[in-house]
Amino acid sequence: MSDMKQTPLFALHQELGGKMVPFAGYSMPVQYPLGVKKEHEHTRRACGLFDVSHMGQLMVTGPAPAKAMETLVTADVVGLAEGGQRYALFTNSEGGILDDLMIVNQGDSLYVVVNAACKDQDLALLRTGLGANHDVEVLDRGLLALQGPDAATVMQRLCPAACDLVFMEHDRFEVMGNEIWISRSGYTGEDGFEISVPSEATEALARWFVDQPEVEPIGLGARDSLRLEAGLCLYGHDIDTTTTPVEASLSWAVGKPRRVGGEREAGFPGADRVLHQLQAKDHRRRRVGLLGEGRAPVREGAKLFDADDQMVGQVTSGSFGPSVGAPVAMAYVVVEAAEKGATLYADVRGKRLPMVITPMPFVPANYHRG
């Protein structure tokens with residue numbers, strides 16, 4: 001893995017016994033000695049620390065950056081209050097999803113976090129799409145995620161003021177002599193914080209966190225099972241350029257002002273198709289959650305059949321859900337077969353395993369909404 005990029009925590013991961021694997025061009029820990037299942041359970045029960053420094057952190061400046069950003073994403077960015085954070089989607093001319101991202105209104109600028117595997121294309125998209133009047137800076141900062149029911153207890157010791165944030169709020173704080181940016185957010189379904197810190201200060205902050213009695217370091221394996229139980233998409237698996245926001249059951253990511261009759265209707269790439277699907281509801285497939293029996297996981301790529309042995313869909317993410325106590329999956333299924341409570345059959349090495357279409361998230365969300 002000598003050609004892999006490293007985050008500022010590479011040495012710490014090795015010191016903590018992290019099993020390093022290639023991920024999105026980086027050498028990242030898939031698990032620690034605790035193991036994926038126990039890391040997952042610890043995060044749900046107490047608190048986990050995740051290194052997400054491989055994500056792309058960008059700053060957009062220029063005249064009316066929110067208005068300019070709306071030419072590229074589905075979200076209501078203009079209506080985002082200062083200090084607010086919002087989930088958004090980059091779309092192409094066909095309405096397919098190029099990436100999902102987070103946008104923070106920092107007043108005169110937008111702080112944007114994009115997926116690691118897409119950050120080069122996203123940077124090019126922003127620089128081309130926003131034009132010469134806007135600057136898109138790549139930030140040299142680490143990014144940590146502190147997740148779990150004890151996250152606020154831990155944060156209270158480090159930065160009490162950050163505990164006043166509610167879900168999807170963001171602010172800047174002075175901690176350990178550095179300006180750190182904290183949002184009340186994450187990708188596990190639990191309460192928690194995402195913390196952007198100057199690159200050179202990342203290791204010291206991470207060490208402080210893992211020294212807290214509630215905190216364990218958590219790898220990519222548990223991050224994946226946690227986000228799956230929370231019903232959250234992984235780009236390149238559950239969403240990609242072949243899926244529209246409506247097909248992906250992400251219609252809520254199309255802001256109300258951007259919809260038909262809204263004050264800033266359309267204006268993003270592929271809007272005609274996306275808004276038509278929203279209005280006419282004539283899309284042919286839909287992302288659904290599936291809950292299985294027993295303990296055998298149903299993995300990505302498994303084909304799904306109805307009771308008449310007709311293929312009706314395919315799994316895009318699947319695992320055993322430690323908190324659910326059963327196999328969980330996401331899949332795209334033809335609309336006619338996508339009814340809540342319907343039983344489909346996943347083909348796993350020639351054996352048909354029953355799975356029931358189940359609302360997501362599979363575990364209750366514990367976001368701190370105040």
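In this predicted model, Phe193 is part of strand β12. Its relative accessibility is 0%. Phe193 is therefore buried, since the cut-off for burial is under 20%. Trp181 stands 12 residues from Phe193 in sequence. In space, the C-alpha atoms of Phe193 and Trp181 are 9.9 Å apart.

Trp181 also borders an internal space. The structure holds three cavities of 30 Å³ or more. The largest of them has a volume of about 80 Å³. Its lining includes Trp181, together with Gln85, Met102, Tyr111, Val113, Leu143, His170, Ser183, Glu194 and Ser196. Three strands each give two or more residues to this lining: β7 (109-114), β11 (178-183) and β12 (192-198). By residue class, the lining of the largest cavity holds five nonpolar residues, four polar residues and one charged residue. Glu194 is the charged one, because Glu is counted in the charged class.

The second largest cavity has a volume of about 60 Å³. Leu9, Leu12, His13, Leu16 and Tyr32 are among the residues that line this cavity. Leu49, Phe50 and Asp51 also belong to the lining, as do Ala206, Val210 and Pro217. At least two lining residues come from each of α1 (10-15), β3 (47-51) and α6 (202-210). Strand β3 supplies the largest share, with three residues. The lining of the second largest cavity divides into nine nonpolar residues, one polar residue and one charged residue. Here the charged residue is Asp51, because Asp is counted in the charged class. His13 is the polar one, because His falls outside both the nonpolar and the charged lists.

Gln147 belongs to strand β9, which spans residues 141-147. The relative accessible area of Gln147 is 1%. This value is under 20%, so Gln147 is buried. The side chain of Gln147 has two polar partners. One is the backbone oxygen of Ser185, reached at 2.9 Å. The other is the side chain of Thr188, with a polar contact of 2.8 Å.

Backbone geometry was examined next. Most residues other than glycine have a negative phi, and most peptide bonds are trans. Ala24 has a positive phi of about 50°, although it is not a glycine. Ala24 lies in the loop between β1 (19-23) and β2 (26-31). The relative accessibility of Ala24 is 31%. Ala24 therefore counts as partly exposed, as the class runs between the cut-offs of 20% and 50%.

Ser249 also has a positive phi, near 55°, and is a residue other than glycine. Ser249 is placed in the loop between α7 (220-229) and α8 (271-280). At 27% relative accessibility, Ser249 is partly exposed.

A peptide bond gives a further case. The bond from Met360 to Pro361 is cis, with omega near 5°. Pro361 lies in the segment after β19 (351-358).

An annotated domain was also considered. The unreviewed UniProt entry carries the annotation "domain: GCVT N-terminal" for residues 10-255. Over residues 10-255, the chain is 24% helix and 31% strand. The end C-alpha atoms of this stretch are 38 Å apart.

Terms used
Residues are numbered from 1 along each chain as its sequence is written. This is a predicted model: local features need pLDDT of at least 70, side-chain atom pairs count only at pLDDT 80 or more; totals for chains, interfaces and linings use all residues. Side-chain values use heavy atoms; hydrogens and water are left out. UniProt positions are given in the numbering used here, feature names are shortened, and annotations may be inferred rather than shown by experiment. Helices (H or I, at least four residues) and strands (E, at least two) are DSSP runs, numbered from the N terminus. On a 1 Å grid over the protein atoms alone, a cavity is a set of points where a 1.4 Å probe fits but cannot get out, and a pocket is an open set with protein on both sides within 12 Å along at least five of seven lines; lining residues have an atom within 4 Å of a point. Grid points are joined across faces, edges and corners, and a volume is the space filled by probe spheres set on the points. Buried means under 20% relative accessible area, exposed over 50%, partly exposed in between (1.4 Å probe, protein chains only). A polar contact is a pair of N or O atoms within 3.5 Å; within protein, one must be able to donate a hydrogen and the other to accept it, and residues adjacent in sequence count only if both atoms are side-chain atoms.
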